Amino acid sequence: MNRLTGRVALVTGGARGIGEAVVRAFADEGASVMITDVLDEAGRALQEETGTATRFCVADVTSESAWASAVAETERTFGPVSLLVNNAGIVEFGSIEETDPAVFRRVLDINLFGPWLGMRAVAPSMRRAGDGVILNVSSTAGLMGYASLGAYVASKWGLRGLTKAAALDLASDNIRVCSIHPGPISTPMTAGMDDSITVSQPIPRFGTPQEVARMAVFLAADATYSTGSEFVIDGGATTGSMILNSEQD
Ligand code: NAP
């Protein structure tokens, strides 16, 4: 408790899933949290439930003006932003040939251009705060390839690289920038997927949004010697293959 007291956070895609868990965890640790999302009803409901520690505003991460309004409203309500979690994202399935160019662009727009706009928008506010932490929610799809996920993989590798460039650009302002790489996590995004995708993992289950949120709290509060770094939370999915061992049994 109270590991984030005095901090002002802005969490995108904060109305549900991983973003909602981060909002709750940050508020539990004493932060003031601006929830942003395109889901108006769910965002308002979460704000009402979590009380005075949070506010909600509708903001599409692909809109520069929405970012300006969200940061201004956060400053007016709570003060300068010191924590940003670029969490909003979408997934679209399709092979290279099946994917419509407009869909490819849309995935990059939300998953990569959105976080870039967000970092641009909050950097002056973080300078006013005196320091800051930016957490970019990438994926194991930012560490390896997946079939039929080309747009998503490209966006998440891009976000991993952008994280390192931003860490270098913002270091002199005492702003740390790290990427988080979840494997399969139980959220509305993965609602249509079954447990079979986790069976070859050392920890063969879906992760919970709360497990990701606990890592976000650690990175925001305690990881004071980490920037430009990748933090993997995937049940061991990217560790390697267990198939050879199984065959020897
Ligand atoms: P989720 O349940 O779908 O929540 C994402 C939220 O972001 C939704 O409320 C969504 O609203 C919102 N959003 C979508 N487009 C937006 C936009 N343009 N502007 C603002 N908000 C927008 O997804 P999640 O599973 O919690 O995922 C959160 C992040 O973790 C994503 O970046 C995702 O790629 C990443 N991730 C998830 C997993 C996983 O297994 N769940 C694994 C690795 C990485 P709509 O409903 O309108 O789209």
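Q: What makes the approach of Asp-60 to a nitrogen atom of the ligand a polar contact?
A: An N or O atom in the side chain of Asp-60 is 2.9 Å from that nitrogen atom. A polar contact is a pair of N or O atoms within 3.5 Å, so the pair qualifies. The model is predicted: local features need pLDDT of at least 70, side-chain atom pairs count only at pLDDT 80 or more, and totals for chains, interfaces and linings use all residues. Residues are numbered from 1 along each chain as its sequence is written, and side-chain values use heavy atoms, with hydrogens and water left out.

Q: Which atoms of Val-61 and Lys-156 lie at such distances from the ligand?
A: For Val-61, a backbone N or O atom lies 3.0 Å from a nitrogen atom of the ligand. For Lys-156, a polar side-chain atom lies 2.9 Å from an oxygen atom of the ligand. Of the 880 Å² of accessible area (Shrake-Rupley method, 1.4 Å probe) that the ligand has on its own, the protein covers 91%.

Q: Which helices each supply at least two residues of the shell around the ligand?
A: They are helix H1 (17-28) and helix H5 (150-170). Helices here are DSSP runs (H or I, at least four residues), numbered from the N terminus.

Q: Why is Cys-57 called buried?
A: Its relative accessibility is 9%. Buried means under 20% relative accessible area (1.4 Å probe, protein chains only), so the word applies. Cys-178 is likewise buried, with a relative accessible area of 1%.

Q: How many disulfides does a search of the whole structure find?
A: Zero. A disulfide is a pair of cysteine sulfur atoms within 2.5 Å.

Methods. Buried means under 20% relative accessible area, exposed over 50%, partly exposed in between (1.4 Å probe, protein chains only). A polar contact is a pair of N or O atoms within 3.5 Å; within protein, one must be able to donate a hydrogen and the other to accept it, and residues adjacent in sequence count only if both atoms are side-chain atoms.
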